[in-house]
Amino acid sequence: MRVAIMVRGYLPVPQPSGIIYAPIDLAAATAEGLSERGHHVDFYGPDGSEVKHAHLCSRNLRPLVQSNNAFRNLLGTANEQINHYIPSLWDTYLAEEMFRRARRGEYDLLHFQDRKSVV
């Protein structure tokens, strides 16, 4: 089976020290487990992401968040454009590539872990 997996486009996998974001851990474990069972897995995330046995598809996207402080600042701001729309652009940029490749028949399954705000 050919699988594409994604969590968030703005947060690298694994997440920076001090950030607890369980969906990342679940998605990475799913990708690793499927890969170990012989499935082809592409993991969509920003540059610097690493998931064992899965191929990273980053589209040369740099993470918005590289520290716990940056994560708190991004999500803790009252400015809706910053804490919702900007991260959503990162998510959409990666998800668009997943859907484009799925339409070409490259994937049997698209898995979005915790996809509340985009697409």
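Here are some friendly questions and answers about this predicted model.

Reader: Which pattern of helices and strands does the protein follow along the sequence?
Author: Welcome, and let's begin with the parts. The protein has three helices and four strands. Read along the sequence, they give the pattern β-α-β-β-α-α-β.

Reader: How much of the protein counts as buried?
Author: A residue counts as buried when its relative accessible area is under 20%. The protein has 119 residues, and the share of them that counts as buried is 43%.

Reader: Which strands do the buried residues of helix 1 pack against?
Author: Helix 1 covers residues 22-36 and reaches 21 Å from its first C-alpha to its last, close to the 21 Å expected. Its buried residues include P23, I24, A27 and A28. A31, G33, L34 and S35 in helix 1 are buried as well. These buried residues pack against strand 1 (2-6) and strand 2 (40-44).

Reader: Which element gives the largest share of the largest nonpolar core?
Author: This core has 18 residues, and those touching the most other members are I5, L11, A31, V41, F43 and V51. Strand 1, helix 1 and strand 2 are the elements that give two or more residues to the core. The largest share, five residues, comes from helix 1.

Reader: Which residues of helix 1 does F43 contact?
Author: Contacts here leave aside neighbours of F43 within four places in sequence. The contacts of F43 include I5, V7, V13, V51 and L56. Helix 1 spans residues 22-36, and the contacts of F43 that fall in that range are A27, A28 and A31.

Reader: Is L56 buried, partly exposed or exposed?
Author: L56 sits in strand 3 (residues 55-57). Not counting residues up to four places away in sequence, L56 touches F43, G45, P46 and S49. Buried needs under 20% relative accessible area and exposed needs over 50%. Because the relative accessible area of L56 is 29%, this residue is partly exposed.

Reader: Which residues make the nonpolar surface patch of about 230 Å²?
Author: One member is I86, found in helix 3 (residues 80-103). I86 is partly exposed, with a relative accessible area of 33%. The patch of about 230 Å² is made by L64, I86 and L89.

Reader: Which residues of helix 3 form salt bridges with R59?
Author: Side chains of opposite charge can pair when their charged atoms come close. R59 lies in the loop between strand 3 and helix 2, and E97 lies in helix 3, so their pair ties together parts that are 38 residues apart in sequence. E96, also in helix 3, is 37 residues from R59. The closest N and O atoms are 2.8 Å apart for E96 and 3.9 Å apart for E97, which gives the two names E96 and E97.

Reader: Which of E96 and E97 is buried?
Author: The cut-off for buried is under 20% relative accessible area. E96 counts as partly exposed because its relative accessibility is 37%. With a relative accessible area of 11%, the buried residue is E97.

Reader: Which residues are joined into one network by salt bridges that share partners?
Author: A search of the whole structure finds eight salt bridges. In one of them, the side chains of R101 and E106 meet at 2.6 Å, N to O. R101 is buried, with a relative accessible area of 16%, whereas E106 is partly exposed at 23%. Salt bridges that share partners make one network of D42, R101, R104 and E106.

Conventions
Residues are numbered from 1 along each chain as its sequence is written. This is a predicted model: local features need pLDDT of at least 70, side-chain atom pairs count only at pLDDT 80 or more; totals for chains, interfaces and linings use all residues. Side-chain values use heavy atoms; hydrogens and water are left out. The expected span of a helix is 1.5 Å times one less than its number of residues. Buried means under 20% relative accessible area, exposed over 50%, partly exposed in between (1.4 Å probe, protein chains only). Contact means heavy atoms within 4.5 Å. Patches are made of residues with over 30% relative accessible area and no salt bridge: like charges are joined within 9 Å, nonpolar side chains (Val, Leu, Ile, Met, Phe, Trp, Tyr) within 5 Å. Accessible areas come from the Shrake-Rupley method with a 1.4 Å probe; for residues, only the protein chains shown count as cover. A salt bridge is a side-chain nitrogen of Lys or Arg within 4 Å of a carboxyl oxygen of Asp or Glu. A nonpolar core is a set of buried Ala, Val, Leu, Ile, Met, Phe, Trp, Tyr and Cys residues joined through side-chain atoms within 4.5 Å.
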